[in-house]
Amino acid sequence: MKSSDIDQDLFTDSYCKVCSAQLISESQRVAHYESRKHASKVRLYYMLHPRDGGCPAKRLRSENGNDADLVDKNKCCTLCNMSFTSAVVADSHYQGKIHAKRLKLLLGEKTPLKTTGLRRNYRCTTCSVSLNSIEQYHAHLKGSKHQTNLKNK
């Protein structure tokens, strides 16, 4: 990667502003800057913040090649530079995590580093199982396998 004045502000020896990563040692710095995750975030950053000062996110041409036409959102997403085979696939994309993440980056919203008050894993030590939500945990506690394990212990 060639460095320019802008790149020197983004990528220093101790901090990567694109990834919000603190780089403590030389080996950590090298590993970070050579990682696929960093490369992906840099590509996304330059797509959202073009060097030439142009419009964020490449515009896709409509089917007839005319840029003046509005692009059908059921055929492509200009933000993610993706095309879709059907409206159902497009809808799935627009509801997905990747599109939401890129939209937040475009709007300049920061993602929280840590979610507070929310557990992602609920564990039943009696049955030695992990559950993904509080609803699953409560359903498990009422279930026959859990009740049998309670009686046997």
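Rings of Phe, Tyr and Trp, the last through its six-membered ring, form a pair if their centres lie within 6.5 Å. With that in mind, let us walk through this predicted model, which holds two aromatic pairs.

Start with Phe11 and Tyr33. Their ring centres are 6.0 Å apart and their planes stand at 85°. Planes over 60 degrees apart count as edge-to-face, so that is the name for the pair of Phe11 and Tyr33. The two rings come from distant parts of the chain: Phe11 sits in the loop between α1 (5-10) and β1 (15-16), while Tyr33 belongs to helix α2, and 22 residues separate them. Phe11 is buried, with 15% relative accessible area. Tyr33, at 22% relative accessibility, counts as partly exposed, because the limit for buried is under 20%.

The other pair is made by Tyr122 and Tyr137, with 6.1 Å from centre to centre and 35° between the planes. Here the arrangement is tilted, because planes under 30 degrees apart would count as stacked and those over 60 as edge-to-face. This pair, too, links distant parts of the chain. Tyr122 lies in strand β5 (residues 122-124) and Tyr137 in helix α6 (residues 134-142), 15 residues apart. As for accessibility, Tyr122 is buried at 13%, whereas Tyr137 is partly exposed at 22%.

Now return to helix α2 (residues 26-33), where you will find Arg29. Is Arg29 buried or exposed? Its relative accessibility is 18%, so Arg29 counts as buried, the cut-off being under 20%. Setting aside the neighbours within four places in sequence, Arg29 is in contact with Thr12, Asp13 and Leu23.

One of those contacts leads us to the charged side chains. Side chains of opposite charge can pair when their charged atoms come close. The structure has two salt bridges. In one, the side chains of Asp13 and Arg29 meet, with 3.7 Å from N to O. Asp13 is in the loop between α1 and β1 and Arg29 is in helix α2, so this salt bridge ties together parts that are 16 residues apart in sequence. The partners contrast in accessibility: Asp13 is exposed, with a relative accessible area of 58%, while Arg29 is buried, at 18%.

Arg29 also forms a salt bridge with Glu26, and there the closest N and O atoms are 2.6 Å apart. Both Arg29 and Glu26 lie in helix α2, three residues apart, which is about one turn of the helix. Through shared partners, the salt bridges join Asp13, Glu26 and Arg29 into one network. Looking back, the loop between α1 and β1 is tied to helix α2 by the salt bridge of Asp13 and Arg29, and the aromatic pair of Phe11 and Tyr33 links that loop to helix α2 as well.

Finally, follow the chain to helix α6, the home of Tyr137. Helix α6 packs with helix α7 (residues 144-152) at an angle of about 55°, the axes lying 5 Å apart. That angle makes α6 oblique to α7. On the α6 side, the contact is made by His140, Leu141 and Lys142, which meet Ser144, His146 and Gln147 in α7. What is the character of the residues of this contact of α6 with α7? They divide into one nonpolar, four polar and one charged.

Technical notes
Residues numbered from 1 in each chain as written. Predicted model: local features only at pLDDT ≥ 70, side-chain atom pairs only at ≥ 80, totals over all residues. Heavy atoms only, no water. Helix = DSSP H or I, 4+ residues; strand = E, 2+ residues; numbered from the N terminus. Buried < 20%, exposed > 50% of the residue type's maximum accessible area, 1.4 Å probe, protein only. Contact = heavy atoms within 4.5 Å. Salt bridge = Lys/Arg side-chain N within 4 Å of Asp/Glu carboxyl O. Axes fitted to C-alpha atoms, helices over the stretch in contact; angles between N-to-C directions. Parallel < 35°, antiparallel > 145°, perpendicular 65-115°, else oblique. Nonpolar A, V, L, I, M, F, W, Y, C, P; charged D, E, K, R; others polar.
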